Amino acid sequence: MVRAGRVLPRSFFDRDPVEVARDLLGRVVESWTPEGIVAIRLVETEAYAGQDDPASHAWRGPTPRSAVMFGPPGRLYVYFTYGMHHCANVVCGPDNLASAVLMRAGEVVDGVDLARARRRPGAPERALASGPANLAACLGLDTSWTGTDVVVAGSPLRLRAGSPVPDEAVVAGPRVGITRAVERPWRFRVAGNPHVSGPRRAGG
DNA sequence: ATAACGATTAGCT
DNA sequence: GCTAATCGTTATA
């Protein structure tokens, strides 16, 4: 069991998503299920700025899928993609923007056995949560988790303070896997960290 | 009703 | 570097 500090308050998420994405590096996301606990220290995130952002699922206004992004900050938005993967975001402020931060990669710091069981036998430890769909799989997340409030006491998904990453260790670069607004440098990662997503690991 | 595609991943060349 | 896997969401009619 890893001591990861206090649960982040709602005010943490009630900010511009670019700020939140940057600040989320080094923080610890943990899921509590009947199977057990898995905790992951985040090393890679991306910001999505709602209706101001052509790459965001919220760009064209609310749909059944993106509705939660238009709600209050601090809730989970999990979507299903490519017919087989889930990815997890935390909704951010400000209220009118429908913004969110995608949790892209991290280091499993608690519940390694459970995390590996949810992935693939023989997956190297550094690859367990390297990529948004891998990270969501380790935590056992699917679309039924959408709407989960991560700041209420006893939530099955929590974000803890962990240890913030200093500016000199943070690299900002273009977001991955999108076709619009590619130029916005809203992907953040910890420089040189072996747990970031690949194979675009070298990109900037 | 239907078609195109996606905030990905793993495996192979 | 290239691509199959696989299906919900969205746009269009």
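A98 is found in the loop between β4 and β5. In this predicted model, the phi angle of A98 is near 55 degrees, a positive value in a residue other than glycine. A98 has a relative accessibility of 0% and therefore counts as buried. P94 is also placed in the loop between β4 and β5, and the peptide bond leading from G93 to P94 is cis, with omega near -15 degrees.

A positive phi also occurs at Y82, where the angle is about 55 degrees although the residue is not a glycine. Y82 belongs to the loop between β3 (76-81) and β4. With a relative accessibility of 67%, Y82 counts as exposed, because the threshold for that class is over 50%.

**Surroundings of DNA strand C**

Y82 is one of the residues around DNA strand C, together with R60, T63, P64, R65, F80, G83 and M84. Of the atoms of DNA strand C that come within 4 Å of the protein, 68% belong to sugar and phosphate. By residue class, the protein surface near the strand divides into four nonpolar, two polar and two charged residues. Individual polar approaches to the strand are listed below.

| Protein group | Atom of DNA strand C | Distance |
|---|---|---|
| T63, side-chain N or O atom | phosphate oxygen | 2.3 Å |
| R65, side-chain N or O atom | sugar or linking oxygen | 3.4 Å |
| Y82, polar backbone atom | base oxygen | 2.4 Å |

T63 thus approaches a phosphate oxygen through its side chain, whereas Y82 approaches a base oxygen through its backbone.

**Helix α4**

Helix α4 spans residues 132-139, and six of its eight residues are buried, so the helix is largely enclosed by the rest of the structure. The buried positions are P132, A133, L135, A136, C138 and L139. These residues pack against the strands β1 (28-33), β2 (36-48), β4 (85-92), β5 (99-110) and β6 (157-160), and against helix α3 (112-118). Just after α4, G140 adopts a positive phi of about 75 degrees.

**Aromatic pairs and arginines over rings**

Two aromatic pairs are found in a search of the whole structure. F12 and F13 form an edge-to-face pair, with a centre-to-centre distance of 5.1 Å and an angle of 70 degrees between the planes. The ring centres of Y77 and Y79 are 5.7 Å apart and their planes are at 35 degrees, so this pair is tilted. F12 and F13 are both buried, as are Y77 and Y79.

F12 also has a charged neighbour: R15 lies over the face of its ring, at 4.7 Å from the ring centre. A comparable arrangement involves R175, which lies over the face of Y48 at 4.7 Å from the ring centre.

**The setting of R175**

Where does R175 lie with respect to β7 and β8? R175 is in the loop between β7 (170-173) and β8 (187-190). With a relative accessible area of 5%, R175 is buried. Its side chain has a polar atom 2.9 Å from the backbone oxygen of A47, and a polar contact of 2.7 Å joins the side chains of R175 and D53. Leaving aside residues up to four places away in sequence, R175 touches E46, A47, Y48, D53, A55, A181, V182, R184, W186 and R187. This list includes A47, Y48 and D53, so the ring, backbone and side-chain partners described above all recur among the contacts of the buried R175.

Conventions:
Residues are numbered from 1 along each chain as its sequence is written. Chains are lettered from A and ligands numbered from 1 in the order in which they are written. This is a predicted model: local features need pLDDT of at least 70, side-chain atom pairs count only at pLDDT 80 or more; totals for chains, interfaces and linings use all residues. Side-chain values use heavy atoms; hydrogens and water are left out. A residue is near a molecule or strand if one of its heavy atoms lies within 4 Å of it. A polar contact is a pair of N or O atoms within 3.5 Å; within protein, one must be able to donate a hydrogen and the other to accept it, and residues adjacent in sequence count only if both atoms are side-chain atoms. Ala, Val, Leu, Ile, Met, Phe, Trp, Tyr, Cys and Pro count as nonpolar, Asp, Glu, Lys and Arg as charged, and the others, Gly among them, as polar. Buried means under 20% relative accessible area, exposed over 50%, partly exposed in between (1.4 Å probe, protein chains only). Helices (H or I, at least four residues) and strands (E, at least two) are DSSP runs, numbered from the N terminus. Contact means heavy atoms within 4.5 Å. Rings of Phe, Tyr and Trp (its six-membered ring) pair if their centres lie within 6.5 Å; planes under 30 degrees apart count as stacked, over 60 as edge-to-face and the rest as tilted. A charge sits over a ring if NZ of Lys or CZ of Arg is within 6 Å of the ring centre and within 35 degrees of the ring normal.
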